[in-house]
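Student: I have a model open and would like to go through its fold with you. Could we begin with strand pairing?
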Amino acid sequence: MKSALFVDFDNVYSGLRELDPAAADQFARQPMRWVDWLLHSLPAPEHALPDARRRLLARRCYLNPQAYQRYRTAFNQTGFDVIDCPPLTSEGKTATDIHLVLDVVDLMHNEPAFDEFILFSADADFTPVLRKLRRADRRTTVLAIGFPAAAYRASADLLIDPAVFVREALGIELPAPTPAIPSLTNLPPDDERLAGVEPPLRALILQVHQHTGAPALAPAAFRALLEAVAETASGGAEGHAARAQDRLRANGFDIAASEIEWTLQNLLQAGHFFQDGQDDLRALSYKLAGYLVNLCRREQVQTEEGFAGAVHRWLSGKAA
């Protein structure tokens, strides 16, 4: 089975860092290990030929050299073409998406014909290219660290379980959840958590929750969550969720660890850099709101006029 591998390095590295810094370091410094796992241990996607075995004819890594230049050599030595994708905006946005998509489309029409396209990224921008590959009868395999959009997950033939990847491909056992951040599975249902929220806003919250996985929290609770994330950012990525949950509890809010981790992960996906002097409610709410609105648009969600402003008012606690 002729395969092509495309790695959105910044996306995967930041997602792994939130799970376990050691996993991110292993991914970046020893790509040969997980490439070997891809070749010899990962099952073929659905509808592949029986007993199909991968041959990675193309290996491409898209990397921000300003932040991750130190990892270039390891990927070069593993046979990757490393494509530099430096920041193009003051917010750190790179051109990884367009480079990767153009390369996928180029290889899709080249000879020899590739049977499988493997994407390492949780970025929902790649949903259209996955669907284009499916229409061309090519298999697609995706590693998405974090909380990818529903349409992105549904557009892939094979989703690599991040926990399996970390354990088997990287050789790292993720620590069990500590008592400091229990999952709080006994939280009340969404309707009860949104008690007192006006029906139009409640409908908007549940709509965004359904299509993006965003926590279905009342405005005051989401504001408290973002404030706690901002106030505890100075301690670094490791343990950030636990510190934020402790702060929330001290302020009278019980919010699940998974919801705090979702918020941290998606702020990173939105391009936020913690500890850069902009860890405040205003910056976090605008960044996350813009990201959620874009996710909804990619999912082709039908929205009312003023949707973007309403999402921001919800996250910032300004909504009634």
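Student: Which residue in β5 is the bridge partner of glutamate 116?
Tutor: In this predicted model, glutamate 116 has arginine 139 as its bridge partner in β5.

Student: How many bridges join β4 to β5, and in what sense do the strands run?
Tutor: Strand β4 covers residues 116–120 and β5 covers residues 139–143; 5 bridges join them, and they run parallel.

Student: And on the β1 side, which residue has glutamate 116 as its bridge partner in β4?
Tutor: That is serine 3, whose bridge partner in β4 is glutamate 116. Strands β1 and β4 also run parallel, joined by 5 bridges.

Student: How many bridges are there between β1 and β2?
Tutor: There are 7 bridges, with β1 and β2 paired in the parallel sense. Lysine 2, for example, stands opposite arginine 55 in β2.

Student: What is the strand order of the sheet?
Tutor: The order is β3-β2-β1-β4-β5-β6, in an open sheet of 6 strands with parallel pairing. The edge strands, each pairing on one side only, are β3 (81–84) and β6 (158–160). On average, neighbouring strands of the sheet are turned by 20° against each other, with direction ignored.

Student: Which strands does helix α3 touch?
Tutor: Helix α3, residues 31–40, packs on the sheet and touches β1 (2–8), β2 (55–63), β4 and β6. The direction of helix α3 makes about 145° with that of β2.

Student: Back to β1: why is it described as largely enclosed by the rest of the structure?
Tutor: Because 6 of the 7 residues of β1 are buried, the strand is largely enclosed by the rest of the structure.

Student: New topic. How many disulfides are there?
Tutor: A search of the whole structure finds 0 disulfides. Cysteine 85, for instance, is in none; the nearest cysteine sulfur belongs to cysteine 61 and is 8.7 Å away. The cut-off for a disulfide is a pair of cysteine sulfur atoms within 2.5 Å, so that pair does not qualify.

Student: Is cysteine 85 buried or exposed?
Tutor: Cysteine 85 is buried, because its relative accessible area is 1%, and buried means under 20%. Cysteine 296 likewise counts as buried, at 1% relative accessibility.

Student: What about arginine 282: buried or exposed?
Tutor: Arginine 282 is exposed, because its relative accessible area is 60% and exposed means over 50%. The residue lies in helix α15, residues 281–298.

Student: How far apart are arginine 282 and alanine 156?
Tutor: In sequence, arginine 282 and alanine 156 are 126 residues apart; in space they are 35 Å apart, C-alpha to C-alpha.

Student: Now the whole chain. How many helices and strands are there?
Tutor: The chain has 16 helices and 6 strands. Its radius of gyration is 20 Å, close to the 20 Å that the globule rule gives for 320 residues, so the chain is as compact as a globular protein of that length.

Student: What does the C-alpha trace span along its principal axes?
Tutor: The trace spans about 60 × 40 × 40 Å.

Student: What share of the residues is buried, and what is the accessible surface?
Tutor: Of the 320 residues in the chain, 51% are buried. The accessible surface comes to about 14,900 Å², with 49% of it belonging to carbon and sulfur atoms.

Student: And which share of the contacts comes from residues 24 or more positions apart?
Tutor: Such residues account for 64% of the contacts in the chain with a separation of 6 or more.

Notes. Residues numbered from 1 in each chain as written. Predicted model: local features only at pLDDT ≥ 70, side-chain atom pairs only at ≥ 80, totals over all residues. Heavy atoms only, no water. Pairing = 2+ DSSP bridges. Helix = DSSP H or I, 4+ residues; strand = E, 2+ residues; numbered from the N terminus. Axes fitted to C-alpha atoms, helices over the stretch in contact; angles between N-to-C directions. Contact = heavy atoms within 4.5 Å. Buried < 20%, exposed > 50% of the residue type's maximum accessible area, 1.4 Å probe, protein only. Rg over C-alpha atoms; globule rule 2.2 N^0.38 Å. Areas by Shrake-Rupley, 256 points an atom, 1.4 Å probe, with all protein chains shown as cover.
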